[in-house]
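Take a moment with the sequence and the model below. The paragraphs that follow walk through the fold step by step.

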Amino acid sequence: MPRYDYRCRSCGDTFEMSRPMADSAAPAACPQGHADTVKLLTTVAVTGRGGGPSAPAGGGGGGGGCCGGSCGC
């Protein structure tokens, strides 16, 4: 389930909630009970492949990824 970041306009608290994507635009009360909140835009950075090597062990071959395999992606 995705997590969304919110900020309370009344007290300035920033908090996150896990909720289904269908409910992402629904109002969210802050932990102190204030109803005047706004959903924050967040970004996700995806890097690497979990700590493994970035190229196949054989040193080539390519996977046919975004550039046809010449970069090893």
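We begin with the whole chain, then move to the strands, and end with single residues.

This is a predicted model. The chain has three strands and zero helices. Read from the N terminus, the elements run β-β-β. The chain holds 73 residues, and buried residues make up 15% of them. About 5400 Å² of the chain is exposed. Carbon and sulfur atoms supply 53% of that area. Now take the contacts in the chain with a separation of 6 or more. Residues 24 or more positions apart account for 28% of these.

How are the three strands ordered in the sheet? The order is β2-β1-β3, in an open sheet with antiparallel pairing. β2 and β3 stand at the edges. Each of these two has a single partner strand, so one side of each is left without a neighbour in the sheet. Neighbouring strands are turned by 35° against each other on average, direction ignored.

Start with β1, which covers residues 3-8. Its side chains alternate between two faces. Tyr4, Tyr6 and Cys8 point to one face and are buried. Arg3, Asp5 and Arg7 point to the other face and are not buried.

Next comes β2, residues 14-18. It pairs with β1 in the antiparallel sense, over five bridges. Two of the partnerships can be named here. Tyr4 has Met17 as its bridge partner in β2. Asp5 has Glu16 as its bridge partner in β2. The two strands form a hairpin with five residues between them. In this hairpin, Gly12 takes a positive phi near 85°.

On to β3, residues 37-39. Three bridges join it to β1, and the two strands run antiparallel. Here Arg7 finds its bridge partner in Val38.

Now look at the loop between β2 and β3. Ser24 has its place there. Is Ser24 buried or exposed? Ser24 has a relative accessible area of 16%. Buried means under 20%, so Ser24 counts as buried. Which residues does Ser24 touch, not counting those up to four places away in sequence? They are Tyr4, Tyr6, Arg19 and Lys39. Two of these names are familiar from β1: Tyr4 and Tyr6 are on its buried face. The side chain of Ser24 also has a polar atom 3.1 Å from the backbone oxygen of Met21.

Charged side chains come next. How many salt bridges are there? The count comes to two.

One of them joins the side chains of Glu16 and Arg3, at 3.2 Å from N to O. This pair links distant parts of the chain: Glu16 sits in strand β2 and Arg3 in strand β1, 13 residues apart. Glu16 has 43% relative accessibility, so it counts as partly exposed. Arg3 has 55% and counts as exposed. Glu16 is also the residue that bridges to Asp5 in the pairing of the strands.

Asp36 forms a salt bridge with Arg9. Their closest N and O atoms are 3.7 Å apart. This pair, too, links distant parts of the chain. Asp36 lies in the loop between β2 and β3, while Arg9 lies in the loop between β1 and β2. They are 27 residues apart. With a relative accessible area of 38%, Asp36 is partly exposed. Arg9, at 56%, is exposed.

Go back to the sheet with these details in mind. β1 pairs with β2 over five bridges, and three bridges join β1 to β3. Ser24 adds contacts from the loop between β2 and β3, among them those to Tyr4 and Tyr6. The salt bridge of Glu16 and Arg3 links β2 and β1. The salt bridge of Asp36 and Arg9 links two loops.

Note on methods: Residues are numbered from 1 along each chain as its sequence is written. This is a predicted model: local features need pLDDT of at least 70, side-chain atom pairs count only at pLDDT 80 or more; totals for chains, interfaces and linings use all residues. Side-chain values use heavy atoms; hydrogens and water are left out. Helices (H or I, at least four residues) and strands (E, at least two) are DSSP runs, numbered from the N terminus. Buried means under 20% relative accessible area, exposed over 50%, partly exposed in between (1.4 Å probe, protein chains only). Contact means heavy atoms within 4.5 Å. Accessible areas come from the Shrake-Rupley method with a 1.4 Å probe; for residues, only the protein chains shown count as cover. Two strands pair if DSSP finds at least two bridges between them. A polar contact is a pair of N or O atoms within 3.5 Å; within protein, one must be able to donate a hydrogen and the other to accept it, and residues adjacent in sequence count only if both atoms are side-chain atoms. A salt bridge is a side-chain nitrogen of Lys or Arg within 4 Å of a carboxyl oxygen of Asp or Glu. Axes are lines fitted to C-alpha atoms, for helices over the stretch in contact, and angles run from 0 to 180 degrees between N-to-C directions.
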